[in-house]
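Work through the exercises below with the model open beside you. Try each task before reading its solution.

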Amino acid sequence: MIGLECEYCGEVGVGTGSPVPAGPAPCACCGTYSVWPAGFDAGMVELWNRANRLRIGMRFDEALAIHESVLRERGPIAEFHWGAVLARFGVVHERADDGGTWIPRCHLVIQGSFLNDPDFLQAMESAPGPEACAHYADLGRRIARVQAGAQAEPEAATVSRDPDDLPVSVDEKIGRAHV
């Protein structure tokens, strides 16, 4: 079985020999919680992983094109809507200096709220259960705060600094146990 790559660390976090959980579950590598796409065939897993690698590599347009292509062909899939909105807003999670938390960074300044994006709303609507919906809502609020700071001070969203020196409106830590 091909493994699914984590949206945070990019490592194979689930699926190599174990069943893919339905809904939020921790990554075996970094411990962050993600909504893992359950029930994907090998082709879908490869598309998910490729789009994820492109987004983490800051090739946002290419990642978005994969997500949109899958959604056109297969209809609403929460995880692909989530990936599309992350790519559209240029969101990459970077490990904080403490090594245990991840910070969402918006590398693209987009007008309009992350929370009002049609793909975010569709991810919420088609989430595989209430826990997944709550997970998307929580992360969406965190990213929207980062986005608001990026619109006010664009260079603050991408410059690496000590996360404790940044105002919460620009950078917010995501702890392993809380996500």
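**Exercise 1. An exposed loop residue**

Place Q111 in the fold and classify it as buried or exposed.

Solution. Start with the location: Q111 lies in the loop between strand 6 and helix 4. The model is a predicted one. Next, take the accessibility. The relative accessible area of Q111 is 68%. Exposed means over 50%, so Q111 is exposed. Last, look across the chain. Q147 is 36 residues away from Q111 in sequence, and their C-alpha atoms are separated by 9.4 Å.

**Exercise 2. A helix residue and its contacts**

Classify F60 by accessibility, then list what F60 touches beyond four places in sequence.

Solution. F60 belongs to helix 2. Its relative accessibility is 7%. The cut-off for buried is under 20%, so F60 counts as buried. Now the contacts. F60 touches L54, R55, A87, G90, V91, V92, H107 and L108. Take H107 from that list. The C-alpha atoms of F60 and H107 are separated by 9.4 Å, with their positions 47 residues apart along the chain.

**Exercise 3. The overall layout**

Write the order of helices and strands along the protein chain.

Solution. Count the elements: there are 5 helices and 7 strands. Read along the sequence, they give β-β-β-β-α-α-α-β-β-α-α-β. Then check burial: 50% of the 179 residues count as buried. Finish with contact range. Take contacts with a separation of 6 or more; 60% of them come from residues 24 or more positions apart.

**Exercise 4. Aromatic geometry**

How is the pair F89 and F114 classified? Do the same for F114 and F120.

Solution. A pair of aromatic rings is described by the distance of the centres and the angle of the planes. The whole structure holds 7 aromatic pairs.

- Step 1. The ring centres of F89 and F114 are 5.2 Å apart, with the planes at 65°. Planes over 60 degrees apart count as edge-to-face, so this pair is edge-to-face.
- Step 2. Locate the partners. F89 is in the loop between helix 3 and strand 5, and F114 is in the loop between strand 6 and helix 4. They are 25 residues apart, and the pair links distant parts of the chain. Both F89 and F114 are buried.
- Step 3. For F114 and F120, the centres are 5.6 Å apart and the planes stand at 50°, so the pair is tilted. Both of these residues are buried too.
- Step 4. Assemble the cluster: W82, F89, F114, F120 and Y136 form one aromatic cluster.

**Exercise 5. The nonpolar cores**

Which residues have the most contacts inside the largest nonpolar core?

Solution. In soluble globular proteins, nonpolar side chains tend to be buried together. Here the largest nonpolar core has 35 residues, and F80, W82 and F114 have the most contacts inside it. Strand 4, helix 1, helix 2, helix 3, strand 6, helix 4 and helix 5 each give two or more residues to this core. Helix 5 supplies the largest share, 6 residues. Another core lies apart, with 7 residues, among them L54, A63, A84 and A87.

Now take W82. Beyond four places in sequence, W82 contacts E7, F114, F120, A123, Y136, L139, G140 and I143.

**Exercise 6. The cavity**

Which residues line the largest cavity?

Solution. There is 1 cavity of 30 Å³ or more. The largest cavity has a volume of about 50 Å³. Its lining is E7, W48, A51, N52, R55, H67, W82, G83 and L86. Helix 1 and helix 3 each give two or more residues to that lining. Helix 1 provides the largest share, 4 residues. By type, the lining has 4 nonpolar, 3 polar and 2 charged residues.

**Exercise 7. Two more loop residues**

Are M58 and D117 buried, partly exposed or exposed?

Solution. M58 sits in the loop between helix 1 and helix 2. At 42% relative accessibility, M58 counts as partly exposed. Check its backbone as well. Most residues other than glycine have a negative phi, and most peptide bonds are trans. Phi of M58 is positive, near 65°.

D117 is in the loop between strand 6 and helix 4. With 7% relative accessibility, D117 counts as buried. Beyond four places in sequence, D117 touches V85, R88 and F89.

Technical notes:
Residues numbered from 1 in each chain as written. Predicted model: local features only at pLDDT ≥ 70, side-chain atom pairs only at ≥ 80, totals over all residues. Heavy atoms only, no water. 1 Å grid on protein atoms, 1.4 Å probe; cavity = no way out; pocket = protein on both sides within 12 Å on 5 of 7 lines; lining within 4 Å. Points joined across faces, edges and corners; volume = space filled by probe spheres on them. Nonpolar A, V, L, I, M, F, W, Y, C, P; charged D, E, K, R; others polar. Phe/Tyr/Trp six-rings, centres within 6.5 Å; stacked < 30°, edge-to-face > 60°. Buried < 20%, exposed > 50% of the residue type's maximum accessible area, 1.4 Å probe, protein only. Core = buried A, V, L, I, M, F, W, Y, C linked by side-chain atoms within 4.5 Å. Contact = heavy atoms within 4.5 Å.
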